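This report concerns a predicted model. It is addressed to a reader who wishes to follow the strands, the cores and the enclosed spaces in turn.

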Amino acid sequence: MADDLDLDMAIEPLTPAPQPSEPATAAAASATPEPNEGGNKSRSVTRVQPGFITPEGAGARVSRSIGLPSLWNLSPFLILDYCDIEPGQGFPDHPHRGMATVTMVLDGQVTHEDHLGHTGTLGQGDLQWMIAGRGLVHSEMPVGAARALQLWIDLPAARKMMKPRYVDRKSSQIPSVPLLDSSSAEVGSARVIAGEVGDTKGSVRDTVNEILLLDLTLRGETFVAVPASWTCFVYATEGSISVGGKKVKAQECAVLSTSEGETGVHIEAGGKGARVLLGASPPLHQELVMQGPFAVTSRDAAGKALADFRDGRNGFEKALGWRSKTGQAVSSGAKGKGGKGGKGKKAKRGRRGDDSDDD
């Protein structure tokens, strides 16, 4: 990591969303695609958020929909970025705390490397679920050109200082189930990343949050069941869709209603078909303060996260002096993925502290 890492310094306390009781661990999230009939009531669109192009990392630009001032803290979803990366661009060494990231490669390859020694390469259709927990410094760099989606998920307050961990999945390891229309004809498929579709369990099981995450390929219309009280969005990765008669264009995110009696969501693809990311999870009943790539629950915790990173404490011990091999391919002064907020102060890397937490 560069000696002077430029961290976004936006600190923004947010009003917590109401929710059911907070789950301690992830339970099975169930969604069964089925015809839109027999008492099924679809959610409606409450907001369509176009992507906003913003610079990130080393020369990269992403299209951000969740995580903008106009769509902020869609709890527990923090950020959703569509990344179209050219050769020589990427996201060199940068830290995280208190959240998880889900990266799905659409085209090309992306390498990852962290200060704890984890390395790997994701190819087309592959997926990584990274839980940063108490602290992780990593780089995410494409091999040539690449396209990917990345979703940031807030962790429950009681789990924010857990040990970091990864789950990498090859495309062939992600189960797929058919999608049916109202006449029970097959109109596409759902890759089950997390949660359950019928009897099919998602590829990623231990997600901390209860969550349903599906990668849909659709030609026609279908109905997907989602628990009524959960936060839910659909993102048109490729092609356009219609939800409750509301059109959602490519790289737009639709936030869905949570009214009583709504059993799921009816989605119809445009004439050329569509690829859709569907995410649903119970909102977290907690404050959120984001300081760059740190997701915490108070201003004090935000300051402590920055100090821990700077001084090499509480999860960042091995990060002092660490440099990724892949991140060195770009400018040493480049900024990693820092999240929401404007340019702020620089965090100076100091000596190791003595209050480490090795739980």
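The sections below treat the sheet, the nonpolar cores and the cavities.

## The seven-stranded sheet

Seven strands form an open sheet in the order 4-5-6-13-8-11-14, and their pairing is antiparallel. Strand 4 (52–56) and strand 14 (165–169) are at the edges, each with a single partner strand, so one side of each has no neighbour in the sheet. From one strand to the next, the twist averages 20°.

Strand 4 is joined to strand 5 by five bridges, and the two run antiparallel; within this pair, T54 stands opposite V62 in strand 5. Strand 5 (residues 60–64) in turn connects to strand 6 through three bridges, again antiparallel. V62 has C83 as its bridge partner in strand 6.

## Strand 6 and its surroundings

Strand 6 (residues 77–85) is mostly covered, with eight of its nine residues buried. Eight bridges link strand 6 to strand 13 (residues 146–154) in an antiparallel arrangement, and D81 stands opposite Q150 in strand 13.

## Nonpolar cores

In soluble globular proteins, nonpolar side chains tend to be buried together. In this model, the largest nonpolar core has 31 residues, and W129 and F233 have the most contacts inside it. At least two residues of this core come from each of strand 6, strand 8 (99–107), strand 11 (127–131), strand 13, strand 16 (186–194), strand 21 (231–238) and strand 24 (252–256). Strand 8 provides the largest share, four residues. A second, separate core holds 29 residues, including W230, V243, A254 and L278.

## Cavities

Three cavities of 30 Å³ or more are present in the structure. The largest contains about 130 Å³ of space. It is lined by 14 residues, of which F91, T103, V110, E140 and Q150 are the closest to its centre. Strand 6, strand 9 (110–114), strand 12 (136–142) and strand 13 each contribute at least two lining residues, and the largest share, three residues, is that of strand 9. This lining comprises seven nonpolar, five polar and two charged residues. Q150 thus appears both opposite D81 and in the lining of the largest cavity.

The second largest cavity has about 50 Å³ of space. Its lining consists of V102, M104, L149, L151, I193, L213 and L277, with strand 8 and strand 13 each supplying at least two of these residues. By class, this lining has seven nonpolar residues, no polar residues and no charged residues.

Methods:
Residues numbered from 1 in each chain as written. Predicted model: local features only at pLDDT ≥ 70, side-chain atom pairs only at ≥ 80, totals over all residues. Heavy atoms only, no water. Buried < 20%, exposed > 50% of the residue type's maximum accessible area, 1.4 Å probe, protein only. Pairing = 2+ DSSP bridges. Core = buried A, V, L, I, M, F, W, Y, C linked by side-chain atoms within 4.5 Å. Axes fitted to C-alpha atoms, helices over the stretch in contact; angles between N-to-C directions. 1 Å grid on protein atoms, 1.4 Å probe; cavity = no way out; pocket = protein on both sides within 12 Å on 5 of 7 lines; lining within 4 Å. Points joined across faces, edges and corners; volume = space filled by probe spheres on them. Nonpolar A, V, L, I, M, F, W, Y, C, P; charged D, E, K, R; others polar.
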